[in-house]
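Here are some worked exercises for a two-chain model, so grab your viewer and try each task before you read its solution.

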Amino acid sequence: MSENIAFLAQLLLTGLVLGSVYALVALGFVLIYKSTSILNFAQGELLMFGAYICLTLIIELRIPFIYAFFLTLAFSFILAVLLERVILRPMIGEPIISIIMVTIALSAVLRSLIQIAWGTETKVFPRIFSEEPIRFFGLFIAEVHLWSLIFALTCVVLFALFFKFSAAGIAMRVTAFDQQIAQSLGINIKRIFALSWAISAIVSSIGGIILGNINGINNALAAMGLKVFPCVILGGLDSILGAILGGFSIGILENLAGGYLDPVFGGGVKDVAPFVFLVVVLMIKPYGLFGKIRIERL
Amino acid sequence: MPCGLFHTIYKTDERIFKTVWVRSWLVAFGLFFLLLPLFVRDYLLYVTNMIFIFIVGAVGLNILTGFTGQISIGHGAFVAVGAYTSAILTTKLGIPFWIALPIAGLFAALIGMIFGIPSLRIKGLYLAIATLAAQFIIEYTIVHWERLTNGITGISVPSPILFGFVFDNDRKFYYLLLIFAVMAVATGRNLFRTRVGRAFIAIRDRDISAELIGVDIFKYKLLAFGISSFYAGVAGSLWGHYTNVITPEHFTIVLSIDYLAMIIVGGLGSIIGTVFGVIFMILIPELLTTVGVLLKSTFGEITTLISAIKGLVFGITIIFFLVFEPDGLSEIWRRTRDYWKLWPFSYR
């Protein structure tokens, strides 16, 4: 019996770690959607880009991890601002299908560029945290997992504070609420758009670096960007709190489904369970837990 | 409409091919395609056959996305449903291709309609995400329902036989696929001259207004999903019997995105544009492959690089079209045609 509980607790814990990464990526995703109404299919590529840059800085240029980390964030910032200015700003106000397609195309471009630059083999981060599992109330948690969790939670809290108290954060919230109101208050919404993309790319690349430390990185990391959809739909497409809660829930759900249903269905349930859940949520509560319900007018 | 063309009776006004010129071009075009296999190499026929199959699927997606406005990122999965249905029927139950093909289409339509049900409550972005989920769920089912689908090993599919005639090479298949492509384009074009087709367009343009003027939104949205998936299923079935082997790898989200790219590049809500889009998006990667083969002697093995460049070109093409020519190739075609029609007097 207690073995069962330990198994459950272990699954929950791993789910929490994975969920923290999902929460970060989902946060980036919702940020872009909220302020620019763009559904970003290239989120996974932004994540992959961050991971690869960080890896190159550490391995090729032998920069210590902590500096490499901040340099990566700077690179992500530049990339995101460029993308926003060159490709996405002309798309504002275009039909939904165009916006979806442009980010899908963007993801193809980024993925190919990454493939050209870094190849397709899995690359492993140098050990920064020890592999030795830590015992924790009878549960095992790898040190790297523990750090990921702490790291992700810190980021989430920091961004929550940023949105609550900083001038830029408040301006972003106003823009998300109503662009006209924001403009009449003297907020430069073009700068806000660029800022949203920048922050989104930064949080994604943090997620990428964490994942890279856990599993190593390869092209498959981009699939992470699609996993974010169940999280944001559960939380509501335009809710930051929802994205974070959704991220954690989907991480845990995925692990529970993997742990308990894999023997029944023969493997791989982990990858599809979030999407089954997604369809259920869409049928029952299409705007998610905290999403704004749109009232249609003619 | 060309100048100097006056319709005095409804019959001429409702024609698809309105002028003698268009009709004679059509005949020339038809003859060209009938005689093409006599002059070209097998490789080119293979590419043409591929184009025909994709035309069938892409017309289906354009009916759903371009004409009805329901974005689907799961079209590849419905193609898979058709391919697998047809493969299982012909290999496990020994049903001939000619019966399996329509059943594959109908079954894909059924599955498509099931995944279309959420479109009653959700639309736009949310629907796009729901179809994305459909893509993953169907893919998972195919990979893991091993007793039926053989999982990742796939199924080897027999070539179709009609009255003892075996369609087992590119040349024989060419005419079969030509017929299907022509049928797909013709039915697609004619659909929008009917009540159903006009209801689709009304839903795309303003769904609430459509409902107010008496269009049963749910019924027609489901119907759009059904028709679109029927085309997808037929395309899948043809693909399976043409390539003789199907594996889940072919039907990933990449296929769905390819289909979307084709109709975007061709022109949403344009049947002729669909054809252009398919040709364009198939020829570009084939061209790059050829270049890769040519460069092999000088640069050695660069297949991985070429595959990355294909992805790059794919993405850049779509971005280019979306930013500079959102109405796609069909709009370029219309402008060019008008230019020559009015030349040298560029005013109307």
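**Exercise 1.** Place Gly188(B) in its secondary structure element, then work out which residues it touches.

*Solution.* Start with the element: Gly188(B) is part of helix H8 of chain B, which covers residues 170-191. This is a predicted model, by the way, and local features are read only where pLDDT is at least 70. Next, count neighbours. Gly188(B) has 24 other C-beta atoms within 10 Å, and the cut-off for buried is 20 or more, so Gly188(B) is buried. Now look for partners, leaving out residues up to four places away in sequence: Gly188(B) touches Val59(B), Ile63(B) and Ile271(B). Take Val59(B) and check the separation. Along the chain, Gly188(B) and Val59(B) are 129 residues apart, yet 6.6 Å separates their C-alpha atoms.

**Exercise 2.** Is Asn150(B) buried or exposed, and what about Arg62(A), exposed or buried?

*Solution.* First, the reason for looking at backbone angles here: most residues other than glycine have a negative phi. Asn150(B) has a positive phi near 65°, and Arg62(A), also not a glycine, has a positive phi of about 55°.

Then locate them. Asn150(B) sits in the loop of chain B that runs between helix H7 (146-149) and strand E1 (155-156). Arg62(A) belongs to the loop between H2 and helix H3 (65-88) of chain A.

Last, the neighbour counts. Asn150(B) has 20 other C-beta atoms within 10 Å, so Asn150(B) is buried. For Arg62(A) there are 8 C-beta neighbours inside 10 Å, so Arg62(A) counts as exposed.

**Exercise 3.** Describe how H2(A) packs on H4(A): what are the angle, the handedness and the contact residues?

*Solution.* Two numbers get you going: the angle between the axes and the distance between them, which is how two packed helices are described. For helix H2 (residues 43-59) and helix H4 (residues 96-118) of chain A, the axes come within 9 Å and cross at roughly 20°. Angles under 35 degrees count as roughly parallel, so H2(A) is roughly parallel to H4(A). As for the handedness, the crossing of H2(A) and H4(A) is left-handed.

Now list the residues. H2(A) brings Gly44(A), Glu45(A), Met48(A), Phe49(A) and Tyr52(A), while H4(A) brings Ser107(A), Leu110(A), Arg111(A), Ile114(A) and Trp118(A). Sorted by class, the residues of this contact are six nonpolar, two polar and two charged.

**Exercise 4.** Do the same for H1(A) and H5(A): what are the angle and the handedness, and how do the contact residues divide by class?

*Solution.* Helix H1 (residues 2-36) and helix H5 (residues 143-165) of chain A have axes that come within 9 Å and cross at roughly 35°. The handedness for H1(A) and H5(A) is left-handed.

On the H1(A) side, you should find Leu16(A), Val17(A), Ser20(A), Val21(A), Ala23(A), Leu24(A) and Leu27(A). They meet His145(A), Ser148(A), Leu149(A), Ala152(A), Leu153(A), Cys155(A), Val156(A) and Phe159(A) of H5(A). By class, that contact has 12 nonpolar residues, three polar and no charged.

**Exercise 5.** How many residues of each chain are in contact with the other chain, and which helix of chain B supplies the largest share of its side?

*Solution.* Count both sides: 38 residues of chain B are in contact with 37 residues of chain A. On the chain B side, the helices that supply at least two residues each are H6 (125-144), H10 (207-212), H12 (253-266) and H14 (303-324). The largest share comes from H14(B), with 13 residues. Sort the chain B side by class and you get 30 nonpolar, seven polar and one charged.

**Exercise 6.** What does the radius of gyration say about each chain?

*Solution.* Chain A first. Chain A has 11 helices and two strands. Its radius of gyration is 19 Å, close to the 19 Å from the globule rule for 298 residues, so chain A is as compact as a globular protein of that length. Of those 298 residues, 51% count as buried.

Now chain B, with 15 helices and four strands. The radius of gyration of chain B is 21 Å, close to the 20 Å that the globule rule gives for 348 residues, so chain B too is as compact as a globular protein of that length. Of the 348 residues of chain B, 43% count as buried.

Technical notes
Residues numbered from 1 in each chain as written. Chains lettered and ligands numbered in written order. Predicted model: local features only at pLDDT ≥ 70, side-chain atom pairs only at ≥ 80, totals over all residues. Axes fitted to C-alpha atoms, helices over the stretch in contact; angles between N-to-C directions. Left-handed = near helix turned anticlockwise from the far one by under 90°. Contact = placed C-beta atoms within 7 Å. Nonpolar A, V, L, I, M, F, W, Y, C, P; charged D, E, K, R; others polar. Parallel < 35°, antiparallel > 145°, perpendicular 65-115°, else oblique. Rg over C-alpha atoms; globule rule 2.2 N^0.38 Å. Buried ≥ 20, exposed ≤ 12 C-beta atoms within 10 Å, placed from the backbone.
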